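Reader: Could you take me through one part of this model up close, strand by strand? I'd like to see how the pieces connect, and what the cysteines are doing there.

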Amino acid sequence: MTLNSLFAPRQPVASSHLPLTIMLLNDWQLVNVTGPDAGKYLQGQLTVDVAALTEQEHTLCGHCDAKGKMWSDLRLFHRAEGFSYLLRRSVADNQIVELKKYAVFSKLTIAADTDAVVLGVAGFKAASALAPLFSQLPDSTTPVVAHEETTLLYLAQPEDRYLVITSTSMAEALVEKLQGSAQFNDSQQWVELDIEAGQPVIDVANSGQLIPQATNLQALNGICFKKGCYTGQEMVARAKYRGANKRALYWLQGSASRVPQAGEDLELKLGENWRRTGTVLAAIQLNDGTLNVQAVLNNDLEADSVLRVRDDEGGMLTIQALPYSLVE
């Protein structure tokens, strides 16, 4: 039985009710950046201070075009002899091309990893389930731990969860050991957790459309305003210091007759009327019928604003609290 055959999709569950779950994250792509110039090159391309990133840390960051619009957001960390990052598979091919654009005189290799398996582990007593399998688990103090051919990342929101980047044989062994106690699911459950955590999910429909602050990267320690130049820095800095950014990422929850697609707009209730607004990044319907939506909207929305999926007369979405503050 192959790994893929075990991870048949099932309806995602809210983090507060999630049993121990292992997810095969085939909708994400792992990319490796190796070579003597890897750190220096990434420092000039990404929104974070790559030089300050230790081997025990991972970070969200943005990769922007010259206008400050993100090709994608990335989760960056040290791995083996270089760096690796995770991003949505739908944007990976183009993002890699764009990242390579200025690398002609640098000694480095940027390539999608076609061998590694990326698993997510979350839900009831996830740490207790993983603890017997590894000599050390990552945590809030040490968010990245490497074990031979396996790299483990800890994420605290919305509940404790783990990324496991490993070989096929190690992934199969882990799945076999947890098969009796864990349920299996696909990438959609991980998207649901990202929506609750307020961590942006950038698929191809929204690539090259949003500045980092429109997806709350500044609140997720995903932008360094003190580092040197990087592609798009001028526009990102202007958004901060001149108040040019008027948008933010929101978690919306409610009901709808359909699940909206990435790139769609929503509708905001104004009196007795509805006005189109915003951009959907991701949307997931839970096992109880609830719809969770991640969307970029005007950052001055009232907390009690009512929205809905476009043209969905019977639906309603309300703003949910994110696990971090946007106050700078």
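Author:
**The sheet and its two cysteines**

C64 is buried, with a relative accessible area of 2%. Keep in mind that this is a predicted model, so read everything below in that light.

C64 belongs to an edge strand, β3, which covers 58-64. What stands opposite C64 in β4? That would be M70. The two strands, β3 and β4, run antiparallel and share seven bridges. They make a hairpin with five residues between them, and in that turn G68 has a positive phi of about 85 degrees.

Now the other cysteine. C61 counts as buried too, because its relative accessibility is 0%. So why is there no bond between C61 and C64? Their sulfurs are 9.3 Å apart, which is too far for a bond. The cut-off for a disulfide is 2.5 Å between the sulfur atoms. C61 is also the cysteine whose sulfur is nearest to that of C64, so C64 ends up in no disulfide. The disulfide count comes to zero.

Let's move along to β4, residues 70-79. Here 10 of the 10 residues are buried, so this strand is largely enclosed by the rest of the structure. On from β4 comes another hairpin, this time with β5 and with two residues between the strands. A80 sits in that turn and has a positive phi of about 55 degrees. Five bridges hold the antiparallel pairing of β4 and β5, and H78 stands opposite F83 of β5.

Time to zoom out a little. The open sheet has five strands, ordered β3-β4-β5-β2-β6, with antiparallel pairing. β3 is one edge and β6 (109-112) is the other, and each of them pairs on one side only. From one strand to the next, the twist averages 30 degrees.

Over at the β6 edge, the neighbor is β2, made of residues 28-34. Four bridges join β2 and β6, again antiparallel. If you want a spot to click on, try V31, whose bridge partner in β6 is A112.

One last piece goes over the strands. Helix α3, residues 89-100, lies across β2, β3, β4, β5 and β6. Relative to β5 (82-88), the helix runs at about 135 degrees.

So, back where we began: C64 is buried at 2%, sits opposite M70, and has its nearest cysteine sulfur, that of C61, 9.3 Å away.

Notes
Residues numbered from 1 in each chain as written. Predicted model: local features only at pLDDT ≥ 70, side-chain atom pairs only at ≥ 80, totals over all residues. Heavy atoms only, no water. Pairing = 2+ DSSP bridges. Axes fitted to C-alpha atoms, helices over the stretch in contact; angles between N-to-C directions. Contact = heavy atoms within 4.5 Å. Buried < 20%, exposed > 50% of the residue type's maximum accessible area, 1.4 Å probe, protein only.
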